[in-house]
Amino acid sequence: MHNNLNSKPNSDTRIEIIEYNSDWRVQFLAERSILQAALAEWLIGDIEHIGSTAVAGLAAKPVIDIMAPVASLEVSHDAIAAAEAARYCFYPYKPDEMHWFCKPSPEVRTHHLHLVPLGSRRWHEQIAFRDALRQNPELAQEYAALKRRLAKDFANDREAYTDAKAPFIQNAIRMQISYKT
């Protein structure tokens, strides 16, 4: 039995966008080492730093987003307990796409972990969006401005904030994928 959160992770925690912090990369690298050891049995590729904290110079919520590649959600089900042993809290958010976790608690989040099947649509889109922001500083600054505005508009509604970013993200992904093909 997994130590699931009893309810949805706290979605009304105030959204705060802060200036880029070069320590975010260091935090990712430290956490990646922990996760490589804890999840070695299920990993089928490199653990990736995704989200805004993975883009140098980009303002972000100070939460390190980490995506770890697994063969499938079914095969990696036992990895949930291993991630919990590494102090991650499991929650079945988008359970048809990933195993999702936060750390250290739903109320105070410093890390999000996404166990995602390698090669899945979610995997490709997360990498494409991150890479689009890394390769296009103007796009990254547009995204930062959008996030700041939405953080004010939806300061206490994480779901609405996330939903409002979706059209921008999908457009950037489409541009990145068409650029690569």
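A salt bridge here is a side-chain nitrogen of Lys or Arg within 4 Å of a carboxyl oxygen of Asp or Glu. In this predicted model, the side chains of glutamate 125 and arginine 121 fit that description, with N and O 2.8 Å apart. Both residues belong to helix α3, where they are four residues apart, or about one turn of the helix. An α-helix has 3.6 residues a turn, so residues three or four places apart point the same way. The two partners sit in contrasting surroundings: glutamate 125 is buried, with a relative accessible area of 18%, which is under the 20% cut-off, while arginine 121 comes out at 63% and therefore counts as exposed.

Helix α3 itself runs over residues 121-135, and its geometry checks out. With 15 residues at 1.5 Å a residue, α3 should span 21 Å, and the C-alpha atoms at its ends are indeed 21 Å apart. Much of the interest in this helix is in its buried positions, which include Trp123, Ile127, Phe129 and Leu133. Charged residues turn up on that list too, among them Arg122, Glu125, Arg130 and Asp131.

Two of those charged residues take part in further pairing. Overall, the structure holds six salt bridges. In one of them, the side chains of arginine 130 and glutamate 48 meet at 2.7 Å, N to O. Arginine 130 lies in helix α3 and glutamate 48 in strand β1 (residues 48-50), so this bridge ties together parts of the chain that are 82 residues apart in sequence. Arginine 130 also pairs with aspartate 131, with 3.0 Å between N and O. Put together, Glu48, Arg130 and Asp131 are linked in a network of salt bridges. Arginine 130 has 7% relative accessibility and so counts as buried; aspartate 131 is buried as well.

Lysine 165 makes a useful counterpoint. This residue is found in helix α5 (residues 158-180), and it is buried yet has no salt bridge. Side chains of opposite charge can pair when their charged atoms come close. For lysine 165, the nearest side chain of opposite charge is that of aspartate 65, and it is 7.5 Å away, so the 4 Å cut-off for a salt bridge is not met. What the lysine 165 side chain does have is a polar contact with the side chain of tyrosine 143, at 3.3 Å. Leaving aside residues up to four places away in sequence, lysine 165 touches Lys61, Tyr143, Leu146, Lys147 and Leu150.

Turning to the rings, the count comes to six aromatic pairs. One of these joins tyrosine 20 and tryptophan 24 edge-to-face, with the centres 5.4 Å apart and 90° between the planes. Tryptophan 24 counts as buried because its relative accessibility is 3%, whereas tyrosine 20, at 27%, counts as partly exposed. Tyrosine 88 and phenylalanine 101 form another edge-to-face pair, at 6.4 Å centre to centre and 80° between the planes. This pair links distant parts of the chain, 13 residues apart: tyrosine 88 is in the loop between α2 (79-85) and β3 (89-91), and phenylalanine 101 is in strand β4 (residues 99-104). Both tyrosine 88 and phenylalanine 101 are buried. Along with Phe90, they form one aromatic cluster.

Terms used
Residues numbered from 1 in each chain as written. Predicted model: local features only at pLDDT ≥ 70, side-chain atom pairs only at ≥ 80, totals over all residues. Heavy atoms only, no water. Helix = DSSP H or I, 4+ residues; strand = E, 2+ residues; numbered from the N terminus. Buried < 20%, exposed > 50% of the residue type's maximum accessible area, 1.4 Å probe, protein only. Lys, Arg positive; Asp, Glu negative; His and termini not counted. Polar contact = N/O pair within 3.5 Å; in protein donor to acceptor, adjacent residues only side chain to side chain. Contact = heavy atoms within 4.5 Å. Phe/Tyr/Trp six-rings, centres within 6.5 Å; stacked < 30°, edge-to-face > 60°. Expected span 1.5 Å × (residues − 1).
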